[in-house]
Amino acid sequence: MNKPLTQQLRWMGALAALFVLLTQSAIAQNAADAGRDSFGAGQTMDGQAAPAGAVRLRQPQALTRDMGEYDEGASAPFRAKAAPYVPGEFEQYARTQSGILDLKRFGAELLIEPASSRAEAQTAVPPDYTIRPGDEISLTLWGSVDADLRLNVDRTGKISIPRIGAVQVAGVRHADLADVIARRVSTVFRNFQVAATLGQIKGVRVFVTGYAHRPGSLTVSGLSSVLHVLVKAGGPSAAGSFRDIQLRRGGQVVAKLDLYDILIHGDRKADQIVQADDVIHISPVGPQVAIVGSVNLPAVFELKPKENLSDALRMAGGFNAVADRTRVAVERLEDRATGRVAEMRLPENGNSLLGTGDLVRAFSSISAALPKDKQRKRVKVEGEVVNPGEYILPAGSTIADAVKAAGGLTNAAYVFGTEFSRERVRQQQQDNYDKALRDLETEMAKSQASRRVSTGEEVAAQTNSTAANARLIERLRLVRPTGRVVLQIAPEAKELPNLALEDGDRLHVPSQSTSVGVFGSVFNAGSFIYASGATTGDFLKLAGGPTRGADARSMFVVRANGSVVSARQGASFWGSGVSGFETAALLPGDTIFVPEELNKTTLTQDAKDWTQILYQFGLGLAGIKALGI
């Protein structure tokens with residue numbers, strides 16, 4: 001080959017290689033410059049190193065809040081404190097009838113406190129959300145192209161991606177957004193991946209009409225549902241329905257919402273996402289009834305046509321644990337003047353329809369006492385029994401059953417001296433005693449007011465008498481009945497009588513007493529050792545006998561079983577034929593009391609008769625000791 005031609009070909013090859021090298025260097029430099037313009041040299045927006053040779057896309061101009069974007073500040077008025085709850089007229093009536101002062105409409109707690117829109121803004125975007133103008137798209141690309149962009153959907157429904165161009169996204173489902181963008185990017189680049197989601201969501205304006213607390217137009221998040229809008233509007237007013245709420249779009253009803261489905265069943269199928277210019281209409285309230293008493297959720301409920309008594313009870317959560325499930329009372333509004341109440345037996349009348357304004361009352365099975373013959377008896381057995389303590393006995397049990405439950409009597413038991421106390425008797429004794437004490441106080445006051453005095457000595461005497469009467473009344477007030485029931489048994493009895501028990505009864509069986517007490521107006525009051533066959537006179541002598549001021553005709557003996565025998569009763573009560581009180585035989589545990597002769601010119605002379613009253617009321621010896629007379 002010709003030598004000049006060979007050299008020429010070599011120079012042409014060298015020039016071609018140099019051209020390729022320069023071209024590759026220029027392409028690499030352009031890519032590096034683009035990366036530095038967007039993110040800084042060799043880095044992506046998040047500061048990470050970009051893949052070698054990847055094309056970096058610049059972030060467009062800073063987004064502006066255009067097209068009425070929804071932001072947190074826009075909802076500030078709705079985050080203000082809600083107005084106090086104002087009950088409707090029927091709620092006020094139901095509160096008066098039931099006595100429940102805080103009775104409210106079912107579901108009122110859900111709507112009286114408006115929720116913050118921030119929670120809505122942070123809600124996960126559902127897959128079927130439709131992209132609309134004003135939304136913000138967060139776009140990430142990696143692979144042969146690297147980008148982390150936030151793009152605003154313009155008025156035409158498009159986003160503009162650098163080096164790629166406009167992409168129509170309005171009307172695209174959120175689940176399909178990444179695929180739509182990937183198809184457009186693939187016309188320019190290969191070997192890349194896409195992640196696209198919503199950033200800031202454009203707010204939408206909706207209208208709340210009908211019977212709402214705050215009707216009007218609201219701007220809410222594009223992710224808000226009908227329920228969110230109702231919360232912001234304060235929910236239905238007292239005249240608004242919880243069960244007939246319509247979502248209207250383009251003049252058509254696209255959904256009907258029953259808040260009871262959400263509140264009772266947690267069913268939100270009808271709770272759709274709102275769109276711009278939607279109308280949420282709240283209808284007038286339907287028939288209302290109140291459910292109170294032994295149910296899990298007493299409240300005022302709204303009924304739909306054909307809903308019956310059983311349906312209303314289910315809305316109230318059903319009967320609670322202590323309810324009487326066999327019946328309810330229905331107080332009808334039209335019968336309020338007559339006070340008539342209808343009783344519904346369950347389940348027979350469960351299908352009965354309720355009228356507007358009805359009040360249904362569920363009863364408690366434990367609030368009313370069972371008949372006495374069906375009640376179990378709680379009694380306390382103390383003293384000389386094998387196992388003293390508190391026992392629960394079946395209905396119809398007797399004193400003998402209580403002793404048997406306690407293991408029986410011991411050998412030291414003194415049956416005649418048994419103390420049997422009953423709460424019902426104690427209450428009756430207290431009522432009667434208080435009444436008698438008031439009568440005595442009234443008589444004393446009348447006597448003092450009508451008494452005439454003419455000298456200083458008489459004035460001083462009256463003053464002293466008034467003070468003495470006041471002290472007597474105060475001492476009488478300190479006496480408290482014991483509720484003791486006298487058991488009429490023979491002194492030598494070995495068994496207790498077959499008396500039916502009541503709840504709260506107390507039985508105390510003492511041991512054999514070895515003394516007899518002598519108290520009152522005697523020279524040496526005290527207890528003396530019992531001697532078989534000893535009489536009342538014998539023990540009076542041991543006490544020194546009655547004093548000069550004693551009223552011997554009013555002496556009496558308190559038997560160990562609680563009965564009282566006085567000197568005024570005569571010999572017939574002693575069964576001995578001996579007329580003298582002092583010749584009567586005593587028993588172990590008896591107590592002799594000798595009252596004092598009082599000034600007969602004043603009403604306090606009758607105080608000695610109060611000792612008789614005390615024992616008639618079963619107050620016992622402790623009452624006399626408390627008086628100190």
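This is a short group-meeting talk on the helices, strands, loops and cavities of one protein model.

Hi everyone, and thanks for coming. Before we start, please keep in mind that what you see above is a predicted model.

Let's begin with the helices. Helix α11 covers residues 456-477, which makes 22 residues. How far apart should its ends be? At 1.5 Å a residue, α11 should span 32 Å, and its end C-alpha atoms are indeed 32 Å apart, so the two values agree. Now, which residues of α11 are buried? They are Gln462, Ser465, Asn469, Leu472, Ile473 and Leu476. If you look down the axis of α11, these buried residues fall within an arc of 95°, so they line one face of the helix. There is a handy rule behind this kind of pattern: an α-helix has 3.6 residues a turn, so residues three or four places apart point the same way. And what sits on the face of α11 turned away from the buried side? There you find the exposed residues Gly456, Glu457 and Asn464.

We can repeat the length check on helix α10, residues 423-450. With 28 residues at 1.5 Å each step, α10 should span 40 Å; the end C-alpha atoms are 41 Å apart, which agrees. The buried residues of α10 include Val425, Tyr433, Leu437, Leu440 and Met444. Gln429 and Gln430 are buried in α10 as well.

On to the strands. As a reminder, strands of a sheet pair through backbone hydrogen bonds, either parallel or antiparallel. Our model has an open sheet of four strands, in the order β1-β3-β2-β6, with mixed pairing. Which strands are at the edges of this sheet? They are β1 (55-56) and β6 (192-198), each of which pairs on one side only. Take β1 and follow its pairing: β1 runs parallel to strand β3 (residues 145-152), and two bridges connect them. If you want to find the spot in the viewer, look for Arg56, which stands opposite Asp146 in β3.

Next, a hairpin. Strand β9 (residues 240-249) runs antiparallel to strand β10 (residues 252-257), and five bridges join them. Leu247 stands opposite Ala255 in β10. Two residues separate the strands of this hairpin, and Gly250 in the turn has a positive phi of about 60°.

A little further along the chain, strand β14 (residues 323-331) has two partners to look at. With β16, strand β14 pairs antiparallel over five bridges, and here Val328 stands opposite Ala362. With β15, strand β14 also pairs antiparallel, over four bridges. In that pair, Arg327 has Arg345 as its bridge partner.

Now for the loops, where some backbone details are worth a pause. Pro347 lies in the loop between β15 (342-345) and β16 (359-364). The peptide bond from Leu346 to Pro347 is cis, with omega near 5°.

Gly250 had a positive phi, but where do we see one in a residue other than glycine? Asn191 is one example, with phi near 55°. Asn191 is in the loop between α5 (177-185) and β6, and its relative accessibility of 69% means it counts as exposed, the cut-off being over 50%. Asp277 also has a positive phi, near 70°. This residue sits in the loop between α7 (259-265) and β11 (279-284), and Asp277 is partly exposed, at 46% relative accessible area.

One more loop: the one between β20 (484-485) and β21 (506-509), which holds Leu499 and also Ile489. Are these two buried or partly exposed? Leu499 is partly exposed at 29%, while Ile489 counts as buried at 14%. Each has a partner from elsewhere in the chain. Leu499 and Gly396 are 103 residues apart along the chain, with 9.8 Å between their C-alpha atoms. For Ile489 and Val415, 74 residues apart along the chain, the C-alpha separation is 8.6 Å.

Finally, let's look for empty space. How many cavities of 30 Å³ or more does the structure hold? The count is two. The largest cavity has about 100 Å³ of space and is lined by 14 residues. Nearest its centre lie Tyr85, Ala108, His213, Pro236 and Phe242. By class, the lining has eight nonpolar, four polar and two charged residues.

That's my tour. Thanks for listening!

Note on methods: Residues numbered from 1 in each chain as written. Predicted model: local features only at pLDDT ≥ 70, side-chain atom pairs only at ≥ 80, totals over all residues. Heavy atoms only, no water. 1 Å grid on protein atoms, 1.4 Å probe; cavity = no way out; pocket = protein on both sides within 12 Å on 5 of 7 lines; lining within 4 Å. Points joined across faces, edges and corners; volume = space filled by probe spheres on them. Nonpolar A, V, L, I, M, F, W, Y, C, P; charged D, E, K, R; others polar. Expected span 1.5 Å × (residues − 1). Buried < 20%, exposed > 50% of the residue type's maximum accessible area, 1.4 Å probe, protein only. Arc of directions from axis to C-beta. Pairing = 2+ DSSP bridges.
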